[in-house]
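Dear colleague,

Please find below the structure that I agreed to pass on to you, together with its sequence. My notes on what was found in it follow directly after.

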Amino acid sequence: MRKLLSALVYTSLMLGAIVRPTLAAPDGIEDLLTGEMRKLQVLDTPKALDTSLEWVDVDGSAVSLGDYAGKWVVLNFWAVWCAPCREEMPTLAALQQDRAGEDFAVVTLASGPNAPEKVAQFLEEEDAATLPQYRDPKSAQARAAAVFGLPVTLLVDPEGREVARLVGGADWNAPEAHAVYDAFLAEDGS
């Protein structure tokens, strides 16, 4: 029975790989990794993320990465006690202002025990109150994505897979960051 189950799982995975093309890193992406984007780690093969894990929004309603299916997502893990998070939060707000739309979203996820009022205060103080006030009180999404420090930002493709990761703070609205987004979107045909 165990061998049959293993064979079924293997066959399912193989069929999934055949049916669903894998997005490769854009050609020449290494040349675009300049300035603060030089810290960006581009994956050779996209890594599936758990898109079903639920977060909490400002109203206490459930939200998940799955709600962003079909969009490119800049997913930022942060916390109210994180000093580098304060520096990059305005750049994420500016990125959202510049790019958010049908095919692109900026998602900020306060990871760990961040009180809702502290999240709102933090974002207000950093001129980033327009960003989503999502919380993941038990850090389930961070653990599932192997995020062990803060801040960490993932670039997630429309299939809900991580294609790149940056550990530490960055200017997410810098020209070099936009060049990276443009390269991925062009590769995807978005």
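For the purposes of this message, a cavity is a set of grid points where a 1.4 Å probe fits but cannot get out. Please bear in mind that this is a predicted model.

With that rule, the count comes to one cavity of 30 Å³ or more. The volume of the largest cavity is about 50 Å³. Its lining is made up of Leu-40, Val-74, Thr-153, Leu-154, Leu-155, Ala-164, Arg-165, Leu-166, Trp-172, Val-180 and Tyr-181. Three elements, β7 (152-156), β8 (161-167) and α6 (175-188), each contribute at least two residues to the lining of the largest cavity. Sorted by class, the lining of the largest cavity comprises nine nonpolar residues, one polar residue and one charged residue.

I turn next to the packing of the helices. Two packed helices are described by the angle between their axes and the distance between the axes.

Helix α3 (residues 83-99) packs with α6 at an angle of about 45°, and the two axes are 13 Å apart. Angles from 35 to 65 degrees count as oblique, and α3 and α6 are therefore oblique to each other. The crossing of this pair, α3 and α6, is right-handed. On the α3 side the contact involves Leu-95, Asp-98 and Arg-99, which meet His-178, Tyr-181, Asp-182 and Leu-185 of α6. By class, the residues of the contact of α3 with α6 are three nonpolar, one polar and three charged. Tyr-181 thus appears in two places in these notes: among the residues that line the largest cavity and in the contact of α6 with α3.

Helix α3 also packs with helix α4 (residues 116-125): their axes come within 9 Å and cross at roughly 60°. Accordingly, α3 and α4 are oblique to each other. The crossing of α3 with α4 is right-handed. Here Cys-85, Arg-86 and Met-89 of α3 meet Phe-122, Leu-123 and Glu-125 of α4. The contact of α3 with α4 holds four nonpolar and two charged residues, and no polar residues.

Two points of the backbone may also be of interest to you. The peptide bond that runs from Leu-150 to Pro-151 is cis, with omega near -5°. Pro-151 is located in the loop between α5 (140-144) and β7. The other point concerns Asp-127, a residue other than glycine whose phi is positive, near 55°. Asp-127 lies in the loop between α4 and β6 (134-136).

With kind regards

Notes:
Residues numbered from 1 in each chain as written. Predicted model: local features only at pLDDT ≥ 70, side-chain atom pairs only at ≥ 80, totals over all residues. Heavy atoms only, no water. 1 Å grid on protein atoms, 1.4 Å probe; cavity = no way out; pocket = protein on both sides within 12 Å on 5 of 7 lines; lining within 4 Å. Points joined across faces, edges and corners; volume = space filled by probe spheres on them. Helix = DSSP H or I, 4+ residues; strand = E, 2+ residues; numbered from the N terminus. Nonpolar A, V, L, I, M, F, W, Y, C, P; charged D, E, K, R; others polar. Axes fitted to C-alpha atoms, helices over the stretch in contact; angles between N-to-C directions. Parallel < 35°, antiparallel > 145°, perpendicular 65-115°, else oblique. Left-handed = near helix turned anticlockwise from the far one by under 90°. Contact = heavy atoms within 4.5 Å.
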